[in-house]
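User: I've got this model open at the bench and I'd like a close look at one of its sheets. Could you walk me through it, and then show me a bit of what else is in the fold?

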Amino acid sequence: MKKIVLVVGMFLLLCNVFAQVKLPALIRDSMILQRDAKLKIWGWASAKEKVAVTFNNKTYKTVTGNEGKWALTLPPQKSGGPYQMKIKGTNEITLKEILIGDVWFCSGQSNMVHQMNIHDVTYANDIATANYPAIRQFLIPTITNMNGPQDNLPGGSWKAAIGEEVRPFSAVAFFFARKLYETYHIPIGIINASWGGTPIEAWTSEEGLKDFAAMNSTLQKNKDTAYINDLARKAAAYNAKMVRPVQDKGVTGPKPWYDITYEPKEWKTIAVPGYWEDQGIKNLDGIVWYRKEIEVPASMPGKPARVFLGRIVDADAVYMNGKMIGTTGYQYPQRRYAIPAGILQAGKNIIVVKVTNNAGKGGFVPDKPYCLFAGNDTIDLKGYWQYKVGEVFTPAPAAPMAIAAQNQPAALYNAMVAPAINYTIKGFVWYQGEANSSRGAEYAKLQPAQIADWRNKWGEGDIPFLYVQLPNFMDANYLPSESQWAELREAQLKSLSVNNTGMAVAIDLGEWNDIHPDNKKAVGDRLALIADKIAYGKDILYSGPLFQSATVEGNKITISFTNTGSGLIANDNEALREFAIAGADKKFVWAKAIIEGDKIIVSSDVVTNPLYVRYAWADNPDVNLYNKEGLPASPFRTDN
């Protein structure tokens, strides 16, 4: 009898545990809720459980369905706070420090990911002076689901932009939010759902991809767990086979090459920065060690010191006087390492860098900062170093097909977007496209599909969708040429035909040698300017010149634009650049371009019957066409 009572008691205890009201990860202390719009508060409890939500001195009640889900809609609220919210079922939850303002869903790939922390040199003062308790970010964890939409996130919290707490904020989203806050003086919430290197289709739902047959086929195949598990087993077997003993001479000899007592022999000279394939080393994938002796003045030791080594392709480990001070496993981050106290000494110091390169050119990326500094003293690290090859990688057999889940159709929508669609927002901010740059024509269809998909899922109508056009990047080309990045920018330009969208032109904000340019503030500010017009209804000029039409008149083409503002200018007072024209053969040559009022006249002595014109049609064009309000013109072409 006692056993029966015990079992019944345990059953009732378990029932009480599972019957408690639970909230989604987004509904937490310190959240910012959307002003002037109906608010959905939702969660889970036991079936048929009564749930009450008390907010701003009013109580709203509901009863859960058979599946234990519940939802309540609160009437629109004015901006303000802080408030408390009580959610009561069999248990009671009290949420504190709630603000009412505007909430933006900020998403994309690495240029939306890039945190203030990564750019803490450029924005050191912005971090040090950050004191914005009413700007808050909810960072969605990076997770995937290839089977279907999730209804919740595994965790997360709302953080305010105060001091060091601003470091994890998306830099673009922070500057966007700060500009809005400074303009409207209302709380600004950021829901940050971003993941580096991911394509737009991963962020779009299965329904949103219904018109893309190949992606639908992939999507259905990815739901087959036997198929996915088989791929995983093959990949694991391949990886196990590829594990090889350490053969790097830099660590297998009597003394490691970074050891302070190691005596270098037969090391050769190489320039830093630079790639070793450009300096007489042919097609070497492997490990190369770099070494440099420097003289440190007596004024530097004892002060906080850092070493900047630009960017390195691919991985590195950095040693100062025999001690590792930093390591990075892939090529994209800036190498900025703090030197622990007690390592730097007056007089001779030795820096050793182990560089591992798996494919393509290896070494130090040019046109980046290379220095060591402490206090007011700086030591330039550019110049000649010594190098020695530690290991040469032999070509590996072809790897079996593998799936990166974060790149699969709908996988990020399911796990990182779907759990947020009940959360009322002001609009979307999107910075993505690099991962789709080889598929511009397809992107011209994918982006409108994504915009429609997200608006449909949130169910708030045509709320603002703001996005960034890809910036200039890669080598400059001094002849008219084809460009996949230009094609992707064109696809993004076409999305302006979708209602209530706005595009921040960033063609002047990139860096030739970095897919993650440092100037995030200008991007955020331009997005905020667009929001002023589209989301907040200001009667302002919010964009640079956009192509409207082209008319052929003899041997000239007249180009008309929208968003000319107070007039067109060459912002450097030089002749207009990056215009090219062609005849029926579509062989483009540079054109002379002259501003006449709000139009531009282009011509070339070698094209007597021009038909087509292009502007800034390149990976990394050198642009100078702006309106007088200081906003750059978008690249375009008329021959597509």
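**A four-stranded sheet, strand by strand**

Analyst: Let's start with one pair of residues: Ile 595 has Ile 600 of strand S33 as its bridge partner. Keep in mind that this is a predicted model. The two strands involved here are S32 and S33 (residues 599-603), and they pair antiparallel through 5 bridges.

Now zoom out a little. S32 and S33 belong to an open sheet of 4 strands, and the order across it is S27-S28-S33-S32, with antiparallel pairing. Who sits on the outside? Strand S27 (546-553) and strand S32 (592-596) are at the edges; each has a single partner strand, so one side of each has no neighbour in the sheet. Going from one strand to the next, the twist averages 25 degrees. As general background, strands in a sheet pair through backbone hydrogen bonds, in either a parallel or an antiparallel way.

There is another open sheet to set beside that one. It is built from 3 strands in the order S12-S20-S15, and the pairing is antiparallel. Here strand S12 (274-275) and strand S15 (312-313) take the edge positions with a single partner strand each, so each is left with one side that has no neighbour in the sheet. S12 is joined to strand S20 (residues 363-364) by 2 bridges, and these strands run antiparallel. If you want a spot to click on, Tyr 275 sits opposite Gly 363 in S20.

On to the helices. Helix H9 (residues 440-458) and helix H10 (residues 484-494) have axes that come within 8 Å and cross at roughly 25 degrees. Angles under 35 degrees count as roughly parallel, and H9 and H10 are therefore roughly parallel to each other. The crossing of H9 past H10 is right-handed. On the H9 side, the contact comes from Gly 440, Tyr 443, Ala 444 and Gln 447, while H10 brings Glu 487, Leu 488, Ala 491, Gln 492 and Lys 494.

One last stop, at a single side chain. Asp 126 is found in helix H3 (residues 124-128). Is Asp 126 buried or exposed? Its relative accessible area is 14%, so Asp 126 is buried, given that buried means under 20%. The Asp 126 side chain makes a polar contact with the side chain of Arg 178, at 2.8 Å. Leaving aside residues up to four places away in sequence, Asp 126 touches Met 116, Phe 175 and Arg 178.

Note on methods. Residues are numbered from 1 along each chain as its sequence is written. This is a predicted model: local features need pLDDT of at least 70, side-chain atom pairs count only at pLDDT 80 or more; totals for chains, interfaces and linings use all residues. Side-chain values use heavy atoms; hydrogens and water are left out. Two strands pair if DSSP finds at least two bridges between them. Buried means under 20% relative accessible area, exposed over 50%, partly exposed in between (1.4 Å probe, protein chains only). A polar contact is a pair of N or O atoms within 3.5 Å; within protein, one must be able to donate a hydrogen and the other to accept it, and residues adjacent in sequence count only if both atoms are side-chain atoms. Contact means heavy atoms within 4.5 Å. Axes are lines fitted to C-alpha atoms, for helices over the stretch in contact, and angles run from 0 to 180 degrees between N-to-C directions. Angles under 35 degrees count as roughly parallel, over 145 as roughly antiparallel, 65 to 115 as roughly perpendicular and the rest as oblique. A crossing is left-handed if the near helix is turned anticlockwise from the far one by less than a right angle, and right-handed if clockwise.
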